[in-house]
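Here is my notebook page for today. I wanted to see how the chains are built and where two of them touch.

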Amino acid sequence: MLLIHCPYCEEERPELEFRNAGEAHIARSTNIAAESDEDFEKFFFIRSNPKGVIFERWRHIHGCARFFNAARDTITDRFLLTYKAGEPKPDLEKLKADGGPAAWANRPPDQLNEKPKAKRSTKGEA
Amino acid sequence: MAGSYRISGQGRLTPAKTARFTFDGKSMTGLAGDTVASALLANGVHLVGRSFKYHRPRGILSAGAEEPNALVTVSRDAARKTPNVRATVQELYDGLTVASQNRWPSLSFDVGAVNDIASPMFSAGFYYKTFMWPKAAWHKFYEPNIRAAAGLGVAPDQPDPDHYSALYAHCEVLVLGGGAAGLAAALAAAETGVRVIICDEQAEFGGALRYEKGAVIDGQDGWSWAQDVVAKLAAMDNVTVLSRTTAFGYYAQNFVGLVERVTDHLARPGRDEPRERLWQVRAKRVVIATGAIERHMVFANNDRPGVMLASAARTFLNHYGVVVGRQIGVYTANDSAYAAAIDLKKAGVGVAAVVDLRDNPSGPLVDEARALGIEVNHGRAVTSVNGSQRIKSMTVQAKGGGAERTIAVDALLMSAGWTPSVHMFSQSRGKVAFDDATKRFLPGTYAQDCVSVGACNGFDSLEDTVAQALEAGANAARDAGAKSSKGVTLKVEASEGWTGGMLGSGPGAGAGTTVKAFVDFQNDVTAKDIRQAVHEGMRSIEHVKRFTTNGMATDQGKTSNMHGLAIAAEALNKDIPAVGLTTFRAPYTPVTFGAIVNHARHGLFDPTRKTPTHSWAESHGAVFEDVGQWKRAWYFPRAGEDMHQAVDRECVTVRKSAGLFDASTLGKIEVVGPDAARFMELLYTNPWEKLEVGRCRYGIMLREDGFIYDDGVVGRLAQDRFHVTTTTGGAARVMNHMEDYLQTEFPDLDVWLTSVSEQWAVIAVQGPNSRDIIEPLVEGIDMSDEAMPHMSVREGMICGVPTRLFRMSFTGDRGFEVNVPADYGRAVWEALWAEGQKHGACAYGTEAMHVLRAEKGYIIVGQDTDGTVTPNDAGLDWAVGKKKTDFVGIRGMTRPDLVAKGRKQLVGLKTKDPRTVLEEGAQIVENPKQAIPMKMIGHVTSSYWSANCDRSIAMGLVLGGRDRIGETLYVPMPDGVIEVEVTGTVFFDEKGDRLNG
Amino acid sequence: MAKVAIATRQPAHAGKSLGGHGVSLKVLEPASRMSLRARPAAVAALSKAIGVTLPEKPKSSAVKAGRTVLWLGPDEWLVIDEAGGDPIGDCASVKGLHSAVDVSHRNVGIAVIGPNAADTINAGCPQDLSLAAFPVGAASRTVLGKVEMVLLRTGEDAFRLECWRSFSDYVWGFLSEAARDG
């Protein structure tokens with residue numbers, strides 16, 4: 001069970017309180033009735049489904065009930081960032097640079113991959 | 001003594017505390033604190049089971065959770081029967097009943113053992129090769145016979161009467177494993193004041209100190225030190241100490257699953273005690289201190305009872321006071337086995353010889369063994385043991401071959417070295433790295449906030465282990481936010497240092513040999529099988545694993561993985577890391593379904609929702625149906641009535657007089673704010689701005705794709721306040737759908753949504769007499785047709801409590817829905833019932849409700865629609881605001897496929913024989929004489945017997961349906977074709993006069 | 001209309017209580033409840049009208065004279081009045097943008113009290129209920145087992161739990177079983 005930082009509750013909460021709501025930053029046209037078939041297809045049917053960072057919507061449905069946005073790595077499940085609905089889409093390259101390689105936990109990798117300092121036995125085996 | 005192999009003055013158990021138990025019906029005595037394994041060994045029993053595939057006699061290999069062989073069935077009573085319990089884990093209690101498995105008719109004479117002789121048939125890949133053909137053999141031979149012959153224990157055939165508990169727990173530092181490393185880390189973390197949880201799978205903490213005799217920590221014998229530390233930790237408010245608790249799964253963000261065995265060791269568990277407790281722990285930092293597991297040697301017949309791990313024999317002696325034989329042999333490539341030989345020798349057991357594969361073993365343990373007069377053979381190997389149900393001797397040969405020497409032994413202790421337990425680390429998604437110098441996989445790249453300490457991190461000396469663990473514990477606490485840092489130091493004054501080890505098959509079991517040298521005992525995988533897998537083209541260890549099933553048994557290859565890997569690497573002529581390690585997956589050891597399910601059984605499996613008038617319906621004989629989580633009154637049979645008769649009567653009574661119906665389960669949403677009407681315009685197809693206060697409208701909600709999502713009657717209570725109803729099943733998702741649009745697409749609208757589904761009990765009173773029933777109870781509402789026409793809503797009082805009174809109908813007759821605050825629901829229902837009795841009204845259930853609405857062609861979303869039905873398909877074009885420029889679904893509705901000709905449309909269906917009731921879901925065809933598969937042009941969505949129409953009625957979705965009205969179509973059924981006429985959807989009172997009747 | 005018998009209120013599980021291991025459960029008396037939604041500009045006026053300052057910090061609550069206001073979301077509060085007041089009526093005259101909806105009968109309140117109260121709730125609630133993470137006065141919508149609830153910590157060893165009426169059978173059953181474990 002993941003921990004998800006709710007930007008409205010300002011803390012991490014257990015995943016059980018949340019519900020995923022699909023890809024984010026897909027704006028509904030203010031003049032949708034006049035939209036072309038192609039544009040409507042893009043809006044309604046086509047999703048990016050990336051291997052890597054996805055921008056997606058979540059709802060803290062069993063919490064503050066707010067919808068918000070998240071950038072999540074679909075490979076590691078790591079949330080790079082969550083932000084309030086209506087806030088601009090963050091810069092993906094910058095997020096990736098901040099995220100680092102091996103980070104399933106909510107902690108920067110440079111703090112994470114510290115190898116234990118104490119020495120191991122070097123006595124040989126057969 | 002409890003058992004003739006129990007040695008006085010050895011071990012830590014109390015001789016006076018005996019416990020009786022039975023094994024395969026034979027009564028035996030053990031001691032409190034014994035495991036089943038130690039108690040059996042104390043009674044001289046080595047043969048405890050038969051193997052999975054070959055039915056070979058098997059004994060006890062280990063003294064812990066890694067045990068692959070000694071699997072038994074433990075039972076308290078007929079229902080409390082647990083198969084595949086590791087005898088080395090199950091604690092003894094007085095009255096325990098143990099049975100061996102996978103044997104018939106008895107353990108010592110097992111018919112299935114013929115599989116051992118026929119073993120060339122069952123070699124690696126047997127299943128994949130054999131079960132291919134002929135097809136018929138599946139049912140006749142493979143399933144009933146071969147599968148029955150293989151396998152382990154038998155699952156109980158009664159429901160589990162025990163209860164299981166669970167809880168979520170949070171801590172700063174979670175320590176997995178309670179050996180010296182885990183205890184030191186926990187102590188260092190605990191002293192800072194942060195919350196610490198430490199767990200260990202054993203009954204007592206101490207880990208390897210259970211058998212390692214010489215360790216001295218802080219001036220104390222290692223074991224005593226461990227017990228003192230545990231007592232100290234347990235006394236601290238910030239520490240939770242969990243013994244008999246296995247960490248079985250390590251999930252995202254330091255979420256770790258532990259299962260605590262609460263009563264399995266108790267003779268008489270308390271009534272309120274759960275059998276097991278699932279701990280779902282979220283830790284800021286995890287310290288992994290899971291130790292190492294000793295490997296066996298791979299040689300011919302290494303599975304015979306009496307052959308066991310050296311550390312196991314040492315545990316049985318030093319902890320349980322049990323010797324595993326009178327004359328033992330030792331076969332090793334590692335120092336630790338010497339310690340076992342030394343301890344046994346000192347306890348008075350004959351040690352026939354130590355056979356060391358290494359050419360020049362040296363060091364204090366080797367010297368001590370020699371000094372004790374133990375014969376040490378180096379550069380030699382045990383190539384086989386003799387004796388089937390218990391070994392009698394071992395065959396020794398020089399590594400390179402040559403003359404064989406047979407040495408009489410009744411037990412053989414072996415050690416091929418130690419495999420660090422990186423299971424938890426690997427489950428945390430950490431990447432292991434191969435340490436070439438010591439030929440083992442160790443924690444490499446960490447993926448989570450955890451640290452490995454001690455033997456699981458490749459530390460061989462107790463001194464280094466304790467020092468690192470103290471530091472890791474303190475660091476974990478600090479990183480998790482500890483404010484204070486109280487330094488803890490521990491002095492390790494004495495310990496054993498072990499070196500050595502080997503991987504793969506030993507002499508006599510190498511390439512080209514066909515002996516049964518077992519790698520995986522539980523799945524009966526031999527060294528030869530692994531080589532065969534490579535020979536047959538498996539290159540990846542993942543393929544070798546699946547082809548041979550090596551490491552796939554319930555012990556998940558704790559003893560076998562490294563040997564299997566080494567043999568495969570050798571056969572492939574590759575380095576071990578190039579072949580790769582298989583992935584460790586949860587659970588570390590088997591977890592019961594009970595623990596996983598825990599509270600979610602019986603009434604807590606899923607919530608059962610009941611309306612405020614449920615108890616009334618119950619006491620009036622209602623039969624209930626499940627509608628989602630709700631219990632709804634289905635029909636109210638009177639004495640002697642079957643369902644059909646009851647529903648007929650209810651339907652007729654409603655149209656003749658009136659009926660009361662509990663509609664409380666409908667979803668209800670209060671839409672409040674100056675932009676309420678604007679919001680409603682956007683969410684529903686209908687126009688709302690001009691709906692007058694006090695009036696209602698039937699609304700249709702679409703998804704963006706133009707298909708019907710939900711429907712319901714909406715009342716306008718004030719300029720800025722709507723009372724919206726949804727379908728029962730749609731309540732939650734409609735609320736979510738509306739919130740979604742409000743928050744993310746139309747956030748500028750000044751409007752709020754509040755679910756009031758459960759604030760209001762809803763009593764539908766329908767039928768010509770409905771007004772007469774309600775009116776006497778109502779205050780402040782003029783219910784005349786002029787003042788309160790069809791589709792209007794009024795607020796006032798009923799029975800002295802507030803009501804929102806809707807005039808609306810789902811029957812086509814005059815009708816009302818009385819909303820009252822839920823806690824008044826039952827009282828108001830009873831008052832209406834009393835009034836209704838004066839008019840001959842009845843209570844009706846969901847079935848009659850369905851029939852009555854179908855008579856009028858009113859649709860039920862989700863029954864007559866299926867997520868691909870547009871308003872036009874359903875004949876509801878009239879409910880779509882033609883002048884509107886925006887609402888959810890407006891664009892989707894005009895997609896080419898949705899406006900094309902030839903869509904399925906909702907129509908009425910009348911069977912030519914009015915007595916025939918169609919089956920819902922039945923397919924409709926144009927020509928019943930066509931070849932199968934026929935072209936299906938639609939299906940029946942609703943179908944009932946209508947007593948009011950005195951015939952069957954049905955609706956269906958039919959291709960181009962509305963153009964076919966008057967046509968005859970066909971419904972082919974298994975027992976004949978039914979002719980139907982396509983009609984309009986209204987079967988009763990087509991003009992709709994009765995709404996005001 | 002005087003002849004009409006006044007309907008009696010029949011709350012779910014009225015008066016039920018149960019003792020467990022280090023914890024007791026009690027179904028609370030009916031209360032007036034209001035779901036209050038408001039724009040920031042209306043918060044001051046609403047606070048004044050209901051007599052309790054609406055808390056604006058997540059996971060918090062405020063209490064005064066038998067009236068508790070729980071922060072549920074950035075523009076959402078649950079007002080529980082146990083003093084026989086009429087919070088809806090109190091808000092009627094407030095002009096600022098808001099929505100006040102009576103939900104008095106929607107919820108059932110259950111008190112969970114005792115040294116094992118937090119553990120009992122943690123049987124089905126995944127939140128950290130330590131005093132550090134969930135102090136006295138903390139309030140949150142969250143889950144218990146398979147249903148949603150609102151949780152308020154009323155004391156070091158005391159919680160008020162609110163669930164929807166039809167889920168109260170489940171919640172009571174769940175808590176009863178969890179209390180047995182303690």
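I started at the contact, which takes 38 residues from chain B and 43 residues from chain C; two residues are in contact if their C-beta atoms, placed from the backbone, lie within 7 Å. On the side of chain B that touches chain C, β8 (164–176), β35 (667–672), β39 (752–755) and α22 (825–838) each supply at least two residues. The largest share there, 6 residues, comes from β8(B). I sorted the residues of that side of chain B into 19 nonpolar, 9 polar and 10 charged. For this, Ala, Val, Leu, Ile, Met, Phe, Trp, Tyr, Cys and Pro count as nonpolar, Asp, Glu, Lys and Arg as charged, and the others, Gly among them, as polar.

A note to self: this is a predicted model, where local features need pLDDT of at least 70 and side-chain atom pairs pLDDT 80 or more, while totals for chains, interfaces and linings use all residues. Residues are numbered from 1 along each chain as its sequence is written, and chains are lettered from A and ligands numbered from 1 in the order in which they are written.

Next I looked up chain C and found 4 helices and 11 strands (DSSP runs numbered from the N terminus: helices are H or I, at least four residues, and strands are E, at least two). Of its 182 residues, 52% count as buried, meaning that 20 or more other C-beta atoms, placed from the backbone, lie within 10 Å of a residue's own.

Last came chain A, with 3 helices and 6 strands. From the N terminus on, its elements run β-β-β-α-β-β-β-α-α. Buried residues make up 27% of the 126 residues in chain A.

Notes: A residue is buried if 20 or more other C-beta atoms lie within 10 Å of its own, exposed if 12 or fewer, and partly exposed in between; C-beta atoms are placed from the backbone.
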